[in-house]
Amino acid sequence: MKHLSKGLDEQVTITSYETDFNGLMKVPAMLNRFQEVALKHCDGTTIGREFLLEHDMFWALARIRIEIKHRPRLNQDIKVSTWPSTYDKMFAYREYGLYAEGTPLVLGTADWILMNINTRKPCRTKMAFDAGGQLPEDQESAIGTRPGKIIVTGQMTKRITRTVSYNDIDMYGHVNNAKYVEWAFDTLSVEELRERDIVAVEASFIAECKDGEYVETNRYDEGPNIIIIEILDTDKGTKSCQVKLELEQRS
């Protein structure tokens with residue numbers, strides 16, 4: 001069986017709609033860039049989106065961790081990179097990076113799970129590779145660790161409620177992973193983000209939300225620089241997503 005191509009690099013320029021009030025790239029915009037380059041990489045193999053849909057399968061993001069050294073700035077030219085690292089029975093592992101002139105600005109690692117598009121149940125990861133006749137070749141992890149379980153040790157505070165609508169939904173009919181992280185950042189004030197830098201973000205995507213469902217975003221401050229956000233689907237009574245933000249005081 002052949003191996004998948006080692007990865008894909010793409011040169012991009014940071015746009016105004018990807019940046020915040022500091023002129024720096026927003027974290028949800030990073031996730032969107034990572035998702036796009038991963039999609040292009042897969043579509044360049046025998047297990048691209050169209051092939052998987054023909055077999056009633058699609059990839060869903062289960063967990064991701066990104067570590068931020070420097071957020072890219074408005075109009076900066078950067079390289080977006082992705083490569084598959086390895087896989088096991090349940091997950092395929094994918095790495096990411098944003099680079100400027102060879103220097104890593106942001107690095108990330110993600111666990112992707114293969115889903116049946118009709119039943120919305122997990123499939124064995126190897127089903128995609130067997131069907132496509134290609135396996136990922138083991139490669140180095142971007143950050144040397146996998147995303148972990150997010151544990152809440154205190155009381156959540158109710159922050160924001162909303163109804164899932166058109167702009168939240170992606171091509172698979174559920175809320176896009178970057179949108180959950182966007183909702184998590186909505187629990188922070190502009191003043192909080194003026195005073196602190198984002199150094200790492202970890203997210204766990206537990207259950208999908210769909211159009212018209214009512215969701216609640218709650219926040220718990222574990223410490224001065226650790227914030228945990230949970231997004232609940234109140235229609236189903238289920239936890240949909242957890243996000244952990246790691247920050248540090250600006251010097």
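The following questions and answers concern the pockets and nonpolar cores of a predicted model.

Residues are numbered from 1 along each chain as its sequence is written. In this predicted model, local features need pLDDT of at least 70 and side-chain atom pairs count only at pLDDT 80 or more, while totals for chains, interfaces and linings use all residues.

Q: What makes W59 and W112 part of the lining of the largest pocket?
A: A pocket is an open set of points on a 1 Å grid over the protein atoms alone, where a 1.4 Å probe fits, with protein on both sides within 12 Å along at least five of seven lines; lining residues have an atom within 4 Å of a point. W59 and W112 are among the 43 lining residues, and both belong to those closest to the centre, as do A60, L61 and I113. The volume, the space filled by probe spheres set on points joined across faces, edges and corners, is about 870 Å³.

Q: What makes up the lining of the second largest pocket, by class?
A: Ala, Val, Leu, Ile, Met, Phe, Trp, Tyr, Cys and Pro count as nonpolar, Asp, Glu, Lys and Arg as charged, and the others, Gly among them, as polar. On that basis the lining has 10 nonpolar, 3 polar and 10 charged residues. D20, K26, V27, P28 and F185 lie nearest the centre of this pocket.

Q: Why is V27 called a core residue?
A: A nonpolar core joins buried (under 20% relative accessible area, 1.4 Å probe, protein chains only) Ala, Val, Leu, Ile, Met, Phe, Trp, Tyr and Cys residues through side-chain atoms within 4.5 Å. V27 is one of the residues with the most contacts inside the largest core, which has 56 residues. Apart from it lies another core, of 8 residues, including F58 and I113.

Terms used:
Heavy atoms only, no water. Buried < 20%, exposed > 50% of the residue type's maximum accessible area, 1.4 Å probe, protein only.
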